[in-house]
Structures are given as C-alpha cells and as structure tokens.
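Q: Please take a close look at the salt bridges in this predicted model, beginning with one pair and its surroundings. Which side chains meet, and how buried or exposed are they?

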Amino acid sequence: MGYLSEYMVAPTTVSQERARGRTKVLEAKIGLALAATMTFTGSALAGTATRAPFGKVADGPVELVTLDDGHGTRARIMTWGATLQALEVPDRDGTPGDIVLGYNDVDSYVAKSNYFGATVGRYANRIAKGQFTLDGKTYTLPVNNNGQSLHGGTQGFDKHLWTIVKVESGATSSVTLAYTSADGEMGYPGKLDATATYALDETGVLRVDYRATTDKPTIVNITNHSYFNLGGEASGHTILDERLTLPAQAYTPVDAVLIPTGELRKVEGTPFDFHTPRRIGDRVRDGRDEQIHFGQGYDHNFVLDKGNGPLHLAARVEDPRSGRVMEITTDQPGVQFYSGNFLDGTAVGKSGHSYRQSDAIALEPQVYPDTPNHPAFGSARLDPGQTYHSTIVYTFSTLPK
C-alpha cells in the first residue's frame, strides 16, 4: 500500500492527536478553575451553532449558521445555495485564518457566484451538450458552459434558497438544510428531495453529507464547490507553492470543451501524477501537455484508487507557509481538481482581495463528469425507494515548525 496506507490512517490519527492535546489543555483549565473557585461545573469549550440574518434574495431572507468547535475552527454556512461561506482554521502558530474564497454579502453571491463554497447539483460537473438518455428517453438540460451543461444548468442547486431543518450545538455542532427540486426543473426528471448536513466536531473535523430521494428515475451527483487557499483567502499568496497529493493512478482526459473522452488514462509520466506530494505550480503552466492546454491548467477528474465505498483519501494539501494541512476523505469514486484557472480578478472577496488565477483550488469529490453518457464510468442513476448519499470529510492538522 505504501504512501496510500500511510495517508489513509492520517485523518484518524490527526483527529486523535488534536483531541488528546485539547483534552490536556481542558484538564489544565479545569484544574486551575477548581483550585481558584471550586465551583467549575462544565466545559466552556463545547461546540456551538448559532443563526444570524445574512440579507435577502427574491425568495426570502437568507440566514448564516456559524458552527464553532470552541478551539479556533469555525464554519459558516449560508442558506443561499447551502454554501460554505467561511471556514476558519488555525495555522501552525494557532492563529485562525479563513481558508475558503467567498463574499461578505449574499448580493455578491447572486451577482457573481463563481460557485464559491456552493452545493452544486442536481448533477455536478459537465454533461455533454446538455443531453442524456434514461430508460430510452432523452432529456435536454440548459447549456451554460461552452455548449455543455455545468453544475445543474443555469439555475442549479447553488442558485436556490435552502431551508434550515435542524441546528444543533454540542460536541458536534451541525446544521441540516433542505431543498426540493421539482420534476422537470432544469430538465431533470423526478421530484428530488435533497438535504445537506454540515457537522463540525470538537477536534475541528468538518463533515458534509448530501442525501436525496426521488419519485421518478433520475440522475444525481451533488458535491461542494469550495475554493481553498490554505494560506488564507486574504493572504495574497497563490496556491502554486502548496503541495498536493492525489491517490489516483488514472484520470479522465477531456476534449477541447472539457468533456471526458471516455478514456481512463494513466497519470504516470504526466503532469497529472500526484501520487507523491507535488508542488501545484510545478506543472500547472505546462502548455506542452494538451490536457493542461485544454483546461488552462488543471480542471480534470481523477479516478481515485479506492473507488466507491467506505471513506477513503481523495486529496491531501500542505501549505509550507502557514503549516496548514487539509485531508479530504470521501465515499465517491472521483475528485475534480480545478486550479482556479478562470478566476480573473473581477470577484472581490471577503477581505477586499481581488481573486485571480491560481488564488485557490477546488477539490470536488463526485461521480465522474458526463457519467450518464459513458456507461463504462458507472452509474449516477437514482430510483424511487433508494437514497442517494455522498460524504465529504475535511480534516486539518499542521506541519512541524
């Protein structure tokens, strides 16, 4: 198993180490409080979930739910698009920093979303020419990306107001949001009832669960489209010096409009080999590679070695400057690696920083793009009586000083 087996245990090990460290800190604080007052009755570091208004859209008021683990990690989830609006994570010195791109107001998300932090669906990624066939019937979807349908079409899940179902505080604080996509919405068959649950535990692990049911056969592929810069979205540093590991021996090459050709191509000997940690900037501008040229960088699906099934490593990112490390685990067969190639400086983010090319990367666990038109890729089908379930787990640690 080599490097993969090492990384597969890392998320658990990191969480355990953080938990042990925090337990020692908490024990020390309890001891001091007992010595001083003898009236200490519980931990002040329990996780919390709080709600606050965040503007209004045509469909109604928007809320922001803040999940706080009590140790410096905070996630803010917006009901517009079930969006991860902010994610604060401590660096190697313990200083929290927001590591995802986004805006300070909902109006900016509506005007120019760029899918920052959004829940994307009903089908994430691209469907060729906006068409697929199910049970002998061809369905036509709106095209919104070079003649292709991207992230559910012109009005995907990211452009709708979700409803808060439940908010919970405690050792694991969480929020569950729901959205019902009508039969025929954006051309997709079947009424789809979808939920998104964000949960932050006391060790700073953020888990996202997507679930959906349908009343007619349909296709589903839901993921989170956060853009990450582990140095901080306000740092002014690009992601070119960050080191990426992708446990994938193959990827799905694309044509000039970024639709998979159907081939599973080996990464060995190509700019797509991230089996061992590689600096992202080493080959992102390698115009000699046709695939890099097509994507103007990386915008490709990687075929994860572990495929479908129990949680497995999808990606590991290390930032030498801040010392932050992020590991993403999932139960999905692929992960789309997008190196922020089309950020053009017109989006001004939370810190007043204009987001430019290579200011962040997206790593989106999912079913392969255009799967409904490539039977060899597997299936994205969901039938009545079944429950679609996709899980993404973000685990954080730091490099040694």
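A: In this predicted model, the side chains of Asp-286 and Arg-288 form a salt bridge with an N to O distance of 2.9 Å. Asp-286 is buried, its relative accessible area being 17%, whereas Arg-288 counts as exposed, with a relative accessibility of 78%. Elsewhere, salt bridges with shared partners bring Asp-241, Arg-278, Arg-279, Asp-282 and Arg-321 into one network.

Within that network, the side chains of Asp-241 and Arg-321 meet in a salt bridge at 3.3 Å, N to O. Asp-241 is in the loop between β17 (227–228) and β18 (243–245), and Arg-321 is in the loop between β23 (312–318) and β24 (324–330), so this pair ties together parts that lie 80 residues apart in sequence. Asp-241 is partly exposed, with a relative accessible area of 30%, and Arg-321 also counts as partly exposed, at 44% relative accessibility.

A further salt bridge joins the side chains of Glu-318 and Arg-243, with 2.9 Å from N to O. This pair links distant parts of the chain, since Glu-318 belongs to strand β23 and Arg-243 to strand β18, 75 residues apart. Glu-318 is buried, with a relative accessible area of 7%, while Arg-243 is partly exposed, with a value of 28%. For the wider setting, a search of the whole structure finds 22 salt bridges, and the pairs described here are among them.

Technical notes:
Residues numbered from 1 in each chain as written. Predicted model: local features only at pLDDT ≥ 70, side-chain atom pairs only at ≥ 80, totals over all residues. Heavy atoms only, no water. Salt bridge = Lys/Arg side-chain N within 4 Å of Asp/Glu carboxyl O. Helix = DSSP H or I, 4+ residues; strand = E, 2+ residues; numbered from the N terminus. Buried < 20%, exposed > 50% of the residue type's maximum accessible area, 1.4 Å probe, protein only.
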